[in-house]
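Please walk me through this structure stop by stop. At each stop, tell me what to select and what I will find there.

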Amino acid sequence: MANRMKSSINKIDGSVADITDRKQEESELRYSEERHRLVVETATDAVISIDDSGAILFANHAAMRIFGYDPTELIGKPLTILMPEYMRKLHENGFGRYLATGQRHINWQGTELTALRKNGQEFPVEISFGELIRGGHKVFTGFIRDTSERKQAENKLRASERTLRELTETIPQMLWSAAADGAIDYCNQRVLDYTGLSAEQVQGAGWMKTVHQDDVDKMARAWSATVSSGQPFQHEFRCLRAEDRTYRWCISRALPLRDESGRIIKWFGTVVDLHDWKEAQQALQMTQAELARVSRLTTMGELAASIAHEVNQPLTAVTNNGSACLRLLANHNLDPEVLRRALEEIVADGTRASAVIARIRAFIKKAPAERTELDINEVIQEVLTLAGHELHKNQILVECQFTRTLPLVRADRVQLQQVLLNLIINGIEAMIGVAVRPRALSLESRVDESGNVLVAIRDSGTGLGPEADRLFTTFFTTKAHGMGMGLAISRSLIEGQGGRLWATANSPNGAVFWFTLPAAGENPS
Amino acid sequence: MSVAPVIFVIDDDPSVRSSLKFLLSTVGLQAETFDSADSFLHKKPPDVPSCLVLDVRLPGLSGLDFQRELATRNIRIPIVFLTGHGDIPMSVRAMKAGAVEFLTKPFRDQDLLDAVRVALDRDRARREQENEMWDLRRRFDCLTSREQEVVSMVVAGMLNKQIAAELGTAESTVKVQRSRAMEKMQASSLAELIKMIEKVKPSKDAS
């Protein structure tokens, strides 16, 4: 190929007539030629020259490597064989126009075009070219760089950026990011749709406009605390939804992105509207509370005879004492000392009756659950008082094995009473039919291996039977007139306070019901 | 002669016990109180007119079980039942088993005092009846066996002549034995004698 070029140049040179400088010129020319040849042959870009008819005069080694043709194949061929079909006409038109008018239609430096390999594969190239006039004819030389790999890498990067952007913009979640100082620098379209703010409005601290005025201070404090501590962020707040101009409960979470040295460089966060979930949760809690209350009323109904007795006893004493005094008064026979004693008894019995009523009212009142720190032994004692007559009437021996130094538990007093009362009444009912052995109910409190407070209620009754595993199922009952709700409700109440409730067989007879509650110190939720 | 009656109050509640005792005292009635049926049964009842004021729902032996227990022991003391929460079947059972009254707590004082009075009257009557029986029995036992035979036949409606024929004696002998028996039984007429013998007769048959 180099020889051919030389010979073609020689051919051009052949028209020069001066022979004196010929030798010197020839040697200089040869040197320059050699230098150019070296550059051209070692170039990694394809170098191709064409004449003004568009025929290829020269192609270097790199051209062979890039286009797949042997250099000899290319000489004399039109340049257009190196172009895809659809570009050929364009090229010919443009080339012809340039030759005719001298007007350039494309950039001669670094133009990106598509080329065609011998095997038919199209590929991207970057072309720079220049022209040279020899003997009244234009010769064009182009430098063609195969940019497939660079293009591919660029495309890949662009595609990955696009995918990421598409992801953040089309994902049905509200996403945001913030600078290390906590200023919001990006919110996706979901956030903008939800809040009705523009991408500019939401920047910095602009998002705070959408936070409910009762929550905004707390949230701002929480966010700035997070930004300074670097701890993961999680905060519930009411956010104004643009769609219906209502405040809805949302939760925002964020994690920091750190550089190699551990310095926070950015925050990435989400916002989730959990209003419906929260409302459902509240409705569920209310339903559960109502169910628990109904169950308490049912329990009270079952205890009605005992309660009537408990109230009637002091009332009877009050009426008797009062009537007796009236009689003595009518007979002018009332000794003040006798009267004083009678009145003292009346007051004591009145107080006693009202205490019974107060206990029952507290038990069945419609009040939201309220967790306080409780001494479980104290609650057990209260319930034993409530069930006292029932135990007494059924000749049940009660044994208490309380650990005196128990940690407090965090629970709702009434719910805990309800569970205990339920388990005690179950125990009583399981023992009513027992005549051949002592009826004993034992209550034990202690700390279990995990540090939870454990309560065990053992009876010597008829035992769990073969359907023990169904005990905690709603509407399952072994009683003739039970609703089958007691144990199911008891379990949900205990689990609601972070504990567990289960049953095992007692030895040699009866059943043991166990429940645990976390110690108050451990879980101050 | 009037013996001071005693009312036995059995209730597990100390306030109820002491208030009942106080109420009964205002009409001059003396009461003894017990916290359970068992503790009452451990005490030997005194030989005076008495009655029981008893809560149905007693710990240990229930009121109704206790009523049955007393009947098996042949202790026929009238019972006034008290209940905190009485149901009809329970009161029916109690009344059928011979209870005087079934009062729901809290009750009117007059209702209780009336019931107690009725119970004491019933006990007095029972005691008088028992005394009378005992007396008749004693008199009847004073008759000779021939006199007892004659009296039985008289009561059965036989004439002196028929009795004499049956016993193979003279009619005059029967007449003498009959009038001696009337005298010993302190019967002023034949009708009275018949009544007396009919009262004694069941126990005579039993013996």
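The tour below goes from a sheet in chain A to its helices and hairpins, then to chain B. Keep in mind throughout that this is a predicted model.

**Stop 1: the five-stranded sheet of chain A**

Select β12, β14, β15, β17 and β16 of chain A. These five strands form an open sheet, in that order. The pairing is mixed. Look at the two edges: β12 (397–402) and β16 (500–505) of chain A each pair on one side only. From one strand to the next, the twist averages 15 degrees.

Now zoom in on one pair. Select residues 440–447 for β14 and 453–459 for β15, both in chain A. The two strands are antiparallel, and seven bridges link them. Pick A:Glu444 in this pair; across from A:Glu444, in β15(A), is A:Ala456.

**Stop 2: the helices on the sheet**

Add residues 413–431 of chain A, which form helix α14. This helix packs on the sheet and touches β14, β15 and β17 (511–517) of chain A. The direction of α14 makes about 20 degrees with that of β15(A).

Next, add residues 486–496 of chain A, helix α15. This helix also packs on the sheet, where α15 touches β16 and β17 of chain A. Its direction makes about 130 degrees with that of β16(A).

**Stop 3: inside α15(A)**

Stay on α15(A) and show its side chains. Which residues of α15(A) are buried? They are A:Gly486, A:Leu487, A:Ile489, A:Ser490, A:Arg491, A:Leu493 and A:Ile494. The buried residues pack against α9, α14, β16 and β17 of chain A. Then step past the end of the helix. A:Gly498 follows α15(A) and has a positive phi, near 85 degrees.

**Stop 4: α9(A) against α15(A)**

Keep α15(A) on screen and select residues 275–302 of chain A, helix α9. The axes of α9 and α15(A) come within 10 Å and cross at roughly 135 degrees. The two helices are therefore oblique to each other. The crossing of α9(A) past α15(A) is left-handed.

To see the contact, select these residues:

- From α9(A): A:Gln288, A:Leu291, A:Ala292 and A:Ser295.
- From α15(A): A:Gly486, A:Ile489, A:Ser492 and A:Leu493.

Colour them by class. Four are nonpolar, four are polar and none is charged.

**Stop 5: two hairpins of chain A**

Select β8 (233–241) and β9 (246–258) of chain A. They run antiparallel and are joined by nine bridges. A:Phe237 faces A:Cys250 in β9(A). Four residues lie between the strands in this hairpin. One residue to check there is A:Arg245, with a positive phi near 55 degrees.

Extend the selection to β10 (264–273) of chain A. Nine bridges join β9(A) to β10, and these strands run antiparallel. Return to A:Cys250: opposite it in β10(A) is A:Asp273. The hairpin of β9(A) and β10(A) has five residues between its strands. In this hairpin, A:Gly262 takes a positive phi near 90 degrees.

**Stop 6: where chain A meets chain B**

Show both chains. How many residues of each chain are in contact with the other? The count is 22 in chain A and 16 in chain B. On the chain A side, α10 (304–330), α11 (336–364) and α13 (388–393) each supply at least two residues. Select α10(A) for the most on this side, 16 residues. By class, the chain A side has eight nonpolar, 10 polar and four charged residues.

**Stop 7: chain B**

Hide chain A. Chain B has nine helices and five strands. Trace them from the N terminus: β-α-β-α-β-α-β-α-β-α-α-α-α-α. Of the 207 residues in chain B, 33% are buried. Among its contacts between residues at least 6 apart in sequence, 60% join residues at least 24 apart.

Finish on a helix pair. Select residues 145–155 (α6) and 171–184 (α8) of chain B. Their axes are 9 Å apart, at an angle of about 90 degrees. α6(B) and α8(B) are therefore roughly perpendicular to each other.

Show the residues that meet:

- From α6(B): B:Arg146, B:Glu147, B:Val150, B:Val151 and B:Val154.
- From α8(B): B:Val174, B:Gln177, B:Arg178, B:Arg180 and B:Ala181.

By class, this contact has five nonpolar residues, one polar and four charged.

Technical notes: Residues numbered from 1 in each chain as written. Chains lettered and ligands numbered in written order. Predicted model: local features only at pLDDT ≥ 70, side-chain atom pairs only at ≥ 80, totals over all residues. Pairing = 2+ DSSP bridges. Axes fitted to C-alpha atoms, helices over the stretch in contact; angles between N-to-C directions. Contact = placed C-beta atoms within 7 Å. Nonpolar A, V, L, I, M, F, W, Y, C, P; charged D, E, K, R; others polar. Parallel < 35°, antiparallel > 145°, perpendicular 65-115°, else oblique. Left-handed = near helix turned anticlockwise from the far one by under 90°. Buried ≥ 20, exposed ≤ 12 C-beta atoms within 10 Å, placed from the backbone.
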